[in-house]
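Let's take a walk through this structure together. Have a look at the model first, and then we'll pick a spot to start from.

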Amino acid sequence: MHANARRVTFTMSLSQSLCSEFAVLGLAEMFLRRLTEAQLFMQPAVRLREQAQALADYVRPGDTVLEVGCGTGLLSTHLRDMYGVVPQGVDLKDFRESIPFPDNSFDHVVLNGVLHHSHDPVRLAAECDRVARRRIIVFEDMPDGLVGKIALQAHVQAFAHHHRY
């Protein structure tokens with residue numbers, strides 16, 4: 001059985017009842033995990049701070065960081081404030097073919113939830129590789145389950161409509 005799959009069965013025997021209780025607990029854990037994920041999605045400031053904290057072992061003061069798909073730039077702000085990096089942001093709508101910087105311009109390139117918005121994610125990754133000297137860091141949420149996949153599809157469609165893709 002898949003690690004995320006849970007099955008709840010209701011029976012009369014004591015041993016099967018105990019197993020059902022554990023299955024229900026598993027379902028409750030899954031529900032709480034999904035609720036936590038949804039809360040993080042709905043609170044981008046919290047999510048972005050946690051992502052910045054996750055980079056503690058990767059960035060150093062004075063490192064240059066390009067955030068591709070920066071949106072509000074809050075992740076870059078956290079990285080600057082927390083680690084003393086020199087951030088630069090570029091949004092997907094600012095370029096179609098190539099990232100507008102010379103080769104090896106940045107120590108790190110961060111893609112935060114942006115690959116699913118790209119018309120050509122492989123080309124975008126190659127462009128990131130071109131402008132990164134040391135590292136490409138990717139944060140990408142992959143939905144688990146039907147509801148998550150439907151929500152992601154709606155999100156991508158709304159983005160494409162808004163930016164006239």
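**Starting from one histidine**

Not counting residues up to four places away in sequence, His78 touches Ala45, Leu48, Arg49, Ala52 and Tyr83. Keep in mind as you look around that this is a predicted model. Where does His78 sit? You'll find His78 in helix H3, which covers residues 74–83. Take Ala45 from that list of contacts: in sequence, His78 and Ala45 are 33 residues apart, yet from C-alpha to C-alpha the gap in space is 9.6 Å.

Is His78 buried or exposed? Its relative accessible area is 9%, and because anything under 20% counts as buried, His78 belongs with the buried residues.

Now step back to the whole chain. It has five helices and four strands, and if you read along the sequence they come in the order α-α-β-α-β-β-α-β-α. The chain has 165 residues, and 29% of them count as buried. On the outside, the chain exposes about 10,700 Å², with carbon and sulfur atoms supplying 59% of that area. Contacts between distant parts of the sequence show up here too: among contacts with a separation of 6 or more, 64% are between residues 24 or more positions apart.

So what is on the inside? The largest nonpolar core is made of 14 residues, and Leu66, Val68, Phe95, Ile99, Val109, Leu124 and Cys128 are the ones with the most contacts inside it. Strand S1 (64–68), strand S3 (106–112) and helix H4 (121–131) are the elements that give two or more residues to this core. Zoom in on Phe95: leaving aside residues up to four places away in sequence, Phe95 touches Val68, Val90, Pro100 and Leu124. Apart from this core lies another one, of 12 residues, among them Leu48, Tyr83, Val110 and Phe139. Leu48 and Tyr83 may ring a bell, as both are on the list of residues that His78 touches.

Last stop, the cysteines. Cys128 has 0% relative accessibility, so it counts as buried. Cys70, at 16% relative accessibility, counts as buried too, because the cut-off is 20%. How many disulfides does a search of the whole structure find? The search comes back with zero. A disulfide, by the way, is a covalent bond that links the sulfur atoms of two cysteines.

Methods
Residues numbered from 1 in each chain as written. Predicted model: local features only at pLDDT ≥ 70, side-chain atom pairs only at ≥ 80, totals over all residues. Heavy atoms only, no water. Buried < 20%, exposed > 50% of the residue type's maximum accessible area, 1.4 Å probe, protein only. Contact = heavy atoms within 4.5 Å. Core = buried A, V, L, I, M, F, W, Y, C linked by side-chain atoms within 4.5 Å. Areas by Shrake-Rupley, 256 points an atom, 1.4 Å probe, with all protein chains shown as cover. Disulfide = S-S within 2.5 Å.
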